[in-house]
Amino acid sequence: MRVAVTGAAGYLGRALVAALDDVVAIDLRPPPAADGVRPVTRDVRDPELAAELEGADALVHLAYVVLGRGANAQSVNVEGSRNVFEAAARAGVGTIVHASSAAAYGCAPDNPVPLSEDAPLRPLPAFYYPQTKVAVERVLDAFEAAHPQVRVARLRPIAVLGPGAPAFLGGRAFVTLSDFDPLMQFVALGDFVELVKRVLSEPVGGAFNVGGPEPVRASTVARLMGVRSARAPHRVLRAAARVGAALRLPGTMHPGWVDMARYPIVVSTERAERELGWRASSDSAEVLRRFGAHLKEAA
């Protein structure tokens with residue numbers, strides 16, 4: 001099976017490309033050519049993208065702006081995704097696997113624990129990351145109606161950790177809110193890649209949650225990772241994030257990320273277990289321990 005992967009040079013993309021045999025690796029900075037890998041330098045908004053997808057059996061769409069500004073995120077995440085899906089249809093690609101996010105469920109105080117795939121998508125709080133994740137899912141709704149011959153699967157992972165994962169403050173400390181202590185869920189990078197491979201090989205469609213069992217409290221994450229714990233009230237961290245974002249200081253984050261740290265987003269993976277035989281190999285605590293060990297080795 002030939003698989004085209006957008007965002008191939010990103011954290012998730014590099015791991016997936018390495019696990020596949022015949023890949024068209026698409027990115028603005030694609031990985032180096034290797035056995036079975038054809039690197040392609042292309043923007044997902046490029047109207048000529050279909051030419052690069054000719055001959056591909058499946059497309060895994062990973063390209064996404066995570067840390068950016070709203071206008072750029074709308075252009076790349078939503079319009080870029082729309083262009084990728086339409087290019088795949090024109091090229092005759094039979095399967096699309098899109099990496100959405102559990103953030104599409106929204107971070108709200110009334111979130112059930114756990115969330116199943118039929119839970120409503122509520123882009124809360126109101127900032128670009130969950131908003132564009134939901135917007136792309138709506139684009140896929142329309143795409144599926146217009147192209148019933150294309151099998152479409154949507155993955156909604158929680159935090160995926162492994163070698164190369166971005167780490168705030170360089171992984172030296174983990175920042176949490178002192179006035180909130182929600183459950184947090186993590187999944188290992190290798191488990192995410194394995195689920196993608198199973199979706200590619202099985203005739204399934206629809207949404208699949210991706211997460212590890214046994215979520216942990218936010219206040220325990222730093223200890224499990226073996227890093228320093230930094231805690232402050234929500235209002236203080238949010239104010240700092242607003243100032244940093246306004247001044248475009250390096251290492252700062254959008255205030256929406258602080259808002260999302262208040263309430264749990266914990267997903268059920270029963271559907272993946274039932275229909276794909278997939279089960280995370282490590283619980284959330286073990287994923288954090290291994291990631292912390294990796295950060296120490298990298299340092």
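Here is a short conversation about a predicted model and how its features get their names.

User: What should I know before we start?

Analyst: Residues are numbered from 1 along each chain as its sequence is written. In this predicted model, local features need pLDDT of at least 70, side-chain atom pairs count only at pLDDT 80 or more, totals for chains, interfaces and linings use all residues, and side-chain values use heavy atoms, with hydrogens and water left out.

User: How do you know that the span of helix H10 agrees with what is expected?

Analyst: Helices are DSSP runs of H or I with at least four residues, strands are E runs of at least two, and both are numbered from the N terminus. The expected span is 1.5 Å times one less than the number of residues. For the 15 residues of H10 (284–298) that gives 21 Å, and the end C-alpha atoms are 21 Å apart, so the two agree.

User: Which residues of H10 are called buried?

Analyst: Buried means under 20% relative accessible area, exposed over 50%, and partly exposed in between (1.4 Å probe, protein chains only). Ser284, Ala285, Val287, Leu288, Phe291, Gly292 and Leu295 are the buried ones.

User: Why do you say they line one face of the helix?

Analyst: The arc is taken from the directions from the helix axis to the C-beta atoms. Those buried residues fall within 155 degrees, so they line one face. On the other side of H10, Lys296 and Glu297 are exposed.

User: What makes strand S11 largely enclosed?

Analyst: Four of its five residues (206–210) are buried, so the rest of the structure largely encloses S11.

User: Why are strands S6 and S11 said to pair?

Analyst: Pairing needs at least two DSSP bridges between two strands. S6 (residues 151–157) and S11 have five, in the parallel sense, and one of the bridges joins Arg154 to Ala207.
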